Amino acid sequence: MAKEECNSQWHKARDPFAVRNRKVFPSPEQTHKSLITPESKNKQGDNTFPSNGSSADFPARRRVDSSNTLLLIVVTGLSFATRLYKITEPPHVCWDETHFGKMGSYYINRTFFFDVHPPLGKMLIALAGYMTGYDGTFPFVKPGDKYEHHNYWGMRGFCAVLGSFLPVFAYLIVQELSHSHTAAIITATLLIFDTGCITISQYILLDPILMFFIMAAVLSMVKFNQQSYRPFTAPWWLWLILCGGALACALGVKFVGLFVILLVGLNTVKDLWRILGDLSLSLIDVAKHFLARVAGLILLPLFLYVTIFAVHFVLLNKSGPGDGFFSSTFQSRLIGNNLYNVSMPEYLAYGSTITVKNLRIAGGYLHSHWHLYPEGVGAKQQQVTAYLHKDHNNMWLVRKPDNDTQSGSPDLVRHGDIIRLEHKETTRNLHSHLHQAPLTKKHFQVTGYGLNGTGDTNDLWQVEVCGGRKGDLVKVLRSKVRFLHRATGCVLYSSGKSLPKWGWEQVEVTCSPYLKETPSSQWNIEDHINPRLPNISLSLLKPNFLEILLESHIVMIRGNSGLKPKDNEMNSKPWHWPINYQGLRFSGVNETEYRVYLLGNPVVWWINLASLGLYLIMVALASVVIQRGISPQQKRIEDSDVLRGGGGLLLLGWLLHYVPFYVMGRVLYYHHYFPAMLFSSMLTGVTLDILLRNADLLLRQPYSDWLHRGGQMVLLFTVLYSFHLFHPLSYGMTGPLAHEPGSAMAGLKWMDSWEF
């Protein structure tokens, strides 16, 4: 009976519904203190320190605080030392520094460009470079280019500093979730001495910036949760606002930031559900909590995110290489663009020289060049494509069907008119016929045919103004136009598919037999030259901020989804990542070059992988114990709470930052796993700490204490020794490759897929 009564009381204490039905409620502050106050008992079961808040507590608390401060200082020092060491080596462009260093230069020069990621990361890189004396003149053409006299160290150093905070944030997060210095130290050790985390932090990349804001958001969320016993105080508001700001910045660097937003969102829903069930709170109080989270975690991040783009548009006000990805009206706001503050004829006429832009986002300009379609790809005639950049091969002449020349005022082109489009450079007509298109097999091929404007009836196209009526004029920029092929009845179409190398990887243009109006079959007249027509100013056609914000996001999202692996390009599968199957070559390919190879410390990554399985086993065993009504010791109850609470949060973070990549159609790389790896390392710290602390389940004292301390020392030594072996991957290697005799890395190529 005594055992049954004890089990019954323990279940009531852990049952939220039983707690809700009690007459007397413990205060939130009491509940919080009961969770975070460490208990230490002597062999007789008495408390070593008083729990009534007497002055006897203070020396112990001071010792704990000073010890924690010292540990945090050591973690911070080691993290910064490992990331900033040899930060200027190698003194040439490495891997994606080609892209993000160049984009930093564009910001300094205020030149517009296109990227598939939001702008914050590149703006911060540019700011770091500008503040350290970089003038934006280095071209960043290709990996291996020497930096020479250019001040690149500031941009690398900025990324390394943000990367140095990752172990520090992880230490603080795990400490808050587990209330264990040991778990926090294990986590920090794994991250400080991981060669992959070091390498990815030392170069001009978006990844360390993204991970900094992800970890800042998680730390702020955890700290905010710890303030639940004193809502609406200054610390409570501080951590809420910091969390919202970090979420906005994470999304502002990469769209991967959506995953941490989802993590915080799920945590917030759970928190609000708990508050709703607290019957000591009125509905007014519940509403206040809800509105505070809406303000801090939705409205504030949204405002900051939009502000990032506002600054982006203000800074990049000059025409650049990204113009062609955007609409004609978007381009008209860029200084130096051929549409900026210019005048041109308002209505299309015969005899005009024009460029024709597809309305599909990143659909490109109607384009042709001297190259022919290869043998076996339809008729071997001149290629017609869509090209994303400004080019003289985008120019076309508008001709009458009979090619009659005009004198005096030219005739205007109207809805329903039949025209020829003659390519300005090659004098061949825009042409279609019943041959299959190169990639879209259900469409017809579009070519350039004839010479000096002479051709056949397959060169005739009917102009159709979308939403217009017969006789309506075609307006520059504003009219959406379709070109219907007279002979086959199909419509000129940009498929969005990239042609192979024989087509210079430009966008396929076809003639679609499906006549439904879509942006892919709609075009507008952008450049319009006709000296015999009066001009109008285009300044009135500039889009407003919301229009360019929306267009930018559509272009980025479609650009992201369009990133497909190219021939012989190094990419990987998501299942490769947790097992450290294959790394990335950052610099160097042979024994004479300075080689840097992105690969995680294999001991760290395989410990993380094993700990994921171990965590699931431990949670399952703890759940069985609880379900069977076995009354465990207080220490076991606390460990179970940490496993299922803090550990469950970290497991959810790992899943959210890893599993979505399995359904992504875009090209994937090894470095995409690193945000998930941070959560995996934190979960490892929690799991191994609890496992070692429960050694007394297997051995009696003092052997359990020896196993506990011995396990910690073995883990620390193993990580440090593996770092000693593999640190050249991060800090650079020269000489023979690992599989060659005399290599400094001989014997360390544990997997054939590693390439160092």
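These are my notebook entries on cavities, salt bridges, a surface patch and some backbone details in a predicted model.

**Entry 1: cavities**

I began with enclosed space. I counted six cavities of 30 Å³ or more in the structure. The largest cavity holds about 120 Å³ of space. I listed its lining and got 15 residues. Closest to the centre are Phe-113, Asp-115, His-117, His-312 and Met-556.

Next I asked which helices each supply at least two residues of this lining. They are helix 13 (283-315) and helix 15 (545-561). Helix 13 gives the most, with three residues. I then sorted the lining of the largest cavity by class: ten residues are nonpolar, three are polar and two are charged.

I moved on to the second largest cavity, which has about 70 Å³ of space. I found 13 residues in its lining. Met-221, Phe-224, Asn-267, Thr-268 and Leu-297 lie nearest the centre. Four helices give two or more residues each to this lining: helix 10 (207-226), helix 11 (234-253), helix 12 (257-276) and helix 13. Helix 13 thus appears again, having also supplied residues to the lining of the largest cavity. By class, the second lining divides into seven nonpolar, four polar and two charged residues.

**Entry 2: Asp-115 and its partner**

Asp-115 had come up as one of the residues closest to the centre of the largest cavity, and I looked up its contacts. Asp-115 forms a salt bridge with Lys-122. Their closest N and O atoms are 2.7 Å apart. Are these two residues buried or exposed? Lys-122 counts as buried because its relative accessibility is 1%. Asp-115 is buried as well, with a relative accessible area of 13%. The cut-off for buried is under 20%.

**Entry 3: other salt bridges**

I counted 16 salt bridges in the structure. I picked out some of them.

Glu-346 pairs with Arg-478, and here the closest N and O atoms are 2.7 Å apart. I checked where each partner sits. Glu-346 is in the loop between strand 1 (343-345) and strand 2 (353-358), while Arg-478 is in the loop between strand 9 (461-465) and strand 10 (481-485), so this salt bridge ties together parts that are 132 residues apart in sequence. Arg-478 is partly exposed, at 43% relative accessible area.

Asp-689 and Arg-693 gave me a local case. Their side chains meet in a salt bridge at 3.1 Å, N to O. Both residues belong to helix 19, and because they are four residues apart, about one helical turn separates them. I compared the burial of the two partners. Asp-689 counts as buried at 2% relative accessibility. Arg-693 counts as partly exposed at 24%.

I also noted a network: salt bridges link Asp-271, Arg-274 and Arg-293.

**Entry 4: a nonpolar patch**

I turned to the surface. Leu-697, Leu-698, Leu-699, Tyr-703, Trp-706 and Leu-707 make a nonpolar patch of about 670 Å². I took Leu-698 for a further check. Leu-698 sits in the loop between helix 19 (674-693) and helix 20 (703-726). Its relative accessibility is 73%, so Leu-698 counts as exposed; the cut-off is over 50%.

**Entry 5: backbone details**

I closed with peptide bonds and phi angles. Most residues other than glycine have a negative phi, and most peptide bonds are trans. I looked for exceptions.

Which two residues does a cis peptide bond join? They are Glu-89 and Pro-90, with omega about -10°. Pro-90 lies in the loop between helix 4 (57-84) and helix 5 (97-109).

Trp-95 also lies in the loop between helix 4 and helix 5. Its phi is near 45°, a positive value in a residue other than glycine. Trp-95 is buried, with a relative accessible area of 16%.

Phe-232 is another non-glycine residue with a positive phi, about 65°. I placed Phe-232 in the loop between helix 10 and helix 11. Its relative accessible area is 33%, so Phe-232 is partly exposed. Helix 10 and helix 11 were already in my notes, as elements that give residues to the lining of the second largest cavity.

Terms used:
Residues numbered from 1 in each chain as written. Predicted model: local features only at pLDDT ≥ 70, side-chain atom pairs only at ≥ 80, totals over all residues. Heavy atoms only, no water. 1 Å grid on protein atoms, 1.4 Å probe; cavity = no way out; pocket = protein on both sides within 12 Å on 5 of 7 lines; lining within 4 Å. Points joined across faces, edges and corners; volume = space filled by probe spheres on them. Nonpolar A, V, L, I, M, F, W, Y, C, P; charged D, E, K, R; others polar. Patch = residues over 30% accessible without salt bridge, like charges linked within 9 Å, V, L, I, M, F, W, Y side chains within 5 Å. Areas by Shrake-Rupley, 256 points an atom, 1.4 Å probe, with all protein chains shown as cover. Salt bridge = Lys/Arg side-chain N within 4 Å of Asp/Glu carboxyl O. Buried < 20%, exposed > 50% of the residue type's maximum accessible area, 1.4 Å probe, protein only.
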